[in-house]
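Student: I should like to examine how certain descriptive terms are justified for this model. May we take them one at a time?

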Amino acid sequence: YLQEWQGASMQKKIQAAVDRGVPVGGTSAGCDIQGGYIYTAENDSVESSEALQNPFDKHVTLQESPFLLHPSKLLTNVIVDTHFITRDRMGRLAAFVARLWKDGKKAFAIGIDEQTAIAIDASGKATMLQQGKDGGRAFVLMPTDGPEVCESGKDLEFSDITVQKLDAAYGDTFDFASFSGGVSSQKYKISASRGRLSPSDPYSPPDDSRASHVVV
């Protein structure tokens, strides 16, 4: 998308479609470019452990300008990551957000798992969708302050990042204009320190009332 389409006629045609009100989405990298900030992967991919131990690792490559502009400036302060739980990407997304805050960008983030879509209307109202029984989960990271330590060659220190977990199986919704919504029991905090995240399972609230329930 970025190497071959950015600045080319294809990007202009996609943007023109967005401007006409045509719904536009994508999978994997095509989802990543929906945010105003983009992880480019131009030096290959980065693992969560690598990004947490050095948020300036050569594989942490960020573009701080959008590929697409959405109505009402939706998602302009957002970076998106995909294959989220499957490839354990919460750590690297926390590092991406830390880098942006370090650069003075008060960014939020969205992590989307496989077999999952977030349908967002022009006002920012979002509905979770899933394909099959295993998908349908996403995570919105909403820091209220920047990292304590975000330097080359050092472990990331980033405390109390608010996470809102969203699950299509429970009909969760979210407002990306106000960054509000979801269920309060699914809101929790994670922190990065000494090259790892806490809690050890960053994909579930510590007291997850949903964990013992099965939705049919």
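Student: In this predicted model, what makes the sheet of 4 strands an open one, and in what order do its strands lie?

Tutor: The order is E5-E6-E9-E10, with antiparallel pairing. The edge strands are E5 (116–120) and E10 (180–181), each of which pairs on one side only.

Student: How do you know that E9 and E10 are paired?

Tutor: Pairing requires at least two bridges between the strands. Strand E9 (residues 173–175) is joined to E10 by 2 bridges, and the two run antiparallel; the requirement is therefore met. In one of these strands, E10, Gly181 is the bridge partner of Phe174.

Student: What span should helix H4 have, and what is the distance between its end C-alpha atoms?

Tutor: Helix H4 covers residues 90–102, and at 1.5 Å a residue its 13 residues should span 18 Å. The end C-alpha atoms are 18 Å apart, which agrees with the expected span. Just after H4, Gly104 adopts a positive phi of about 85°.

Student: Why is H4 called largely enclosed?

Tutor: A residue is buried when its relative accessible area is under 20%. Of the 13 residues of H4, 12 are buried, so the helix is largely enclosed by the rest of the structure. Among them are Arg92, Arg99 and Trp101.

Student: What does H4 give to the largest nonpolar core?

Tutor: That core has 31 residues, and those with the most contacts inside it are Ile79, Met90, Phe139, Leu141 and Leu156. The elements giving two or more residues to it are H3, H4, E7 (137–142), E8 (158–167) and E11 (187–193). H4 supplies the largest share, 9 residues.

Student: Which residues of H4 are among the contacts of Ile79?

Tutor: Beyond its neighbours within four places in sequence, Ile79 is in contact with residues including Leu93, Phe96, Val97 and Leu100; these four are listed among the buried residues of H4. Another core, of 19 residues, lies apart from the largest one and includes Ile118, Ala126 and Leu166.

Student: Is Thr61 buried or exposed, and how do you know?

Tutor: The relative accessible area of Thr61 is 9%. The cut-off for a buried residue is under 20%, so Thr61 counts as buried. Thr61 lies in the loop between helix H3 (48–53) and strand E2 (62–63).

Student: What makes the pair Thr61 and Thr40 a polar contact?

Tutor: The N or O atoms of such a pair must lie within 3.5 Å. The side chains of Thr61 and Thr40 are joined by a polar contact of 2.8 Å, a value within that limit. In addition, a polar atom of the Thr61 side chain lies 3.4 Å from the backbone nitrogen of Glu42.

Conventions
Residues are numbered from 1 along each chain as its sequence is written. This is a predicted model: local features need pLDDT of at least 70, side-chain atom pairs count only at pLDDT 80 or more; totals for chains, interfaces and linings use all residues. Side-chain values use heavy atoms; hydrogens and water are left out. The expected span of a helix is 1.5 Å times one less than its number of residues. Buried means under 20% relative accessible area, exposed over 50%, partly exposed in between (1.4 Å probe, protein chains only). A polar contact is a pair of N or O atoms within 3.5 Å; within protein, one must be able to donate a hydrogen and the other to accept it, and residues adjacent in sequence count only if both atoms are side-chain atoms. A nonpolar core is a set of buried Ala, Val, Leu, Ile, Met, Phe, Trp, Tyr and Cys residues joined through side-chain atoms within 4.5 Å. Contact means heavy atoms within 4.5 Å.
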